[in-house]
Amino acid sequence: MIRVEALWLSATPLDMRAGMDTLLAQVVRVFGAAQPHHAYLFANRRGTRLKVLVHDGFGVWLACRRLNQGRFHWATGQGGFELTRAQFDALVLGLPWHQLRDEGVIRTL
């Protein structure tokens with residue numbers, strides 16, 4: 001099992017042709033370093049695809065996800081943001097993770 005202790009989202013859109021080495025370089029550029037047991041999320045400009053890079057302490061894992069309908073709700077701006085597990089779970093399902101409040105309930109802003 002891959003242990004993930006922190007989840008980070010990069011607000012900057014990424015070319016989904018990027019491979020593991022390019023993503024690792026982007027993690028270092030945006031977050032300063034790739035920390036063990038941390039996961040880093042990136043999306044394309046349209047918000048229909050995402051990639052997750054996980055550093056497990058020995059190497060890196062790369063996972064991809066695509067929505068056939070709709071878009072991932074993504075942060076805007078530059079830099080990165082830390083996500084809670086509930087926010088991550090909502091994000092990968094295409095739900096508005098930034099509207100999560102207490103007890104995982106999604107409310108309007």
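Begin the tour by selecting helix α2, residues 85-92, where Gln87, Phe88, Ala90, Leu91 and Val92 are buried. Buried denotes under 20% relative accessible area, exposed over 50%, and partly exposed in between, with a 1.4 Å probe and protein chains only. Helices (H or I, at least four residues) and strands (E, at least two) are DSSP runs, numbered from the N terminus. The model is a predicted one, in which local features need pLDDT of at least 70 and side-chain atom pairs count only at pLDDT 80 or more, while totals for chains, interfaces and linings use all residues. Residues are numbered from 1 along each chain as its sequence is written, and side-chain values use heavy atoms, with hydrogens and water left out.

Keep α2 selected and display its surroundings. The cover over the buried residues of α2 includes β1, β2 (38-43), β3 (49-55), β4 and β5; contact here means heavy atoms within 4.5 Å. Just after the helix, select Gly94, which takes a positive phi of about 85°.

Next, select Ser10 in strand β1. Ser10 counts as buried because its relative accessibility is 0%. Setting aside residues up to four places away in sequence, Ser10 touches Val30, Phe31, Leu41, Phe42, Trp74, Gly79 and Gly80.

One of those partners, Phe31, leads to the aromatic residues. Select Trp8, Phe31 and Tyr40, which form one aromatic cluster. Rings of Phe, Tyr and Trp (its six-membered ring) pair if their centres lie within 6.5 Å; planes under 30 degrees apart count as stacked, over 60 as edge-to-face and the rest as tilted. By this rule there are two aromatic pairs. In one of them, the rings of Phe31 and Tyr40 have centres 5.1 Å apart and planes at 45°, so the pair is tilted. Phe31 is partly exposed, at 23% relative accessible area, whereas Tyr40 is buried, at 2%.

Move now to the loop between β2 and β3 and select Thr48. Thr48 has a relative accessible area of 10% and is therefore buried. Apart from residues up to four places away in sequence, Thr48 touches Arg65, Arg66, Leu67, Gly70, Arg71 and Phe72.

Arg66, one of these partners, is also the way to the next stop. Select Asn68, in the loop between β4 (60-66) and β5 (80-83). The side chains of Asn68 and Arg66 are joined by a polar contact of 3.5 Å. Such a contact is a pair of N or O atoms within 3.5 Å; within protein, one must be able to donate a hydrogen and the other to accept it, and residues adjacent in sequence count only if both atoms are side-chain atoms. Asn68 is exposed, with a relative accessible area of 68%. Add Arg49 to the selection: Asn68 and Arg49 lie 19 residues apart along the chain, and their C-alpha atoms are separated by 9.2 Å.

In the loop between β4 and β5, select Thr76 as well. Thr76 counts as exposed, at 70% relative accessibility. Beyond its neighbours within four places in sequence, Thr76 is in contact with Ala11 and Phe81. To return to the helix, select Leu91, one of the buried residues of α2. Thr76 and Leu91 are 15 residues apart in sequence and 14 Å apart in space, C-alpha to C-alpha.

Finish with Ile2, in the segment before β1 (6-10). At 37% relative accessibility, Ile2 counts as partly exposed.
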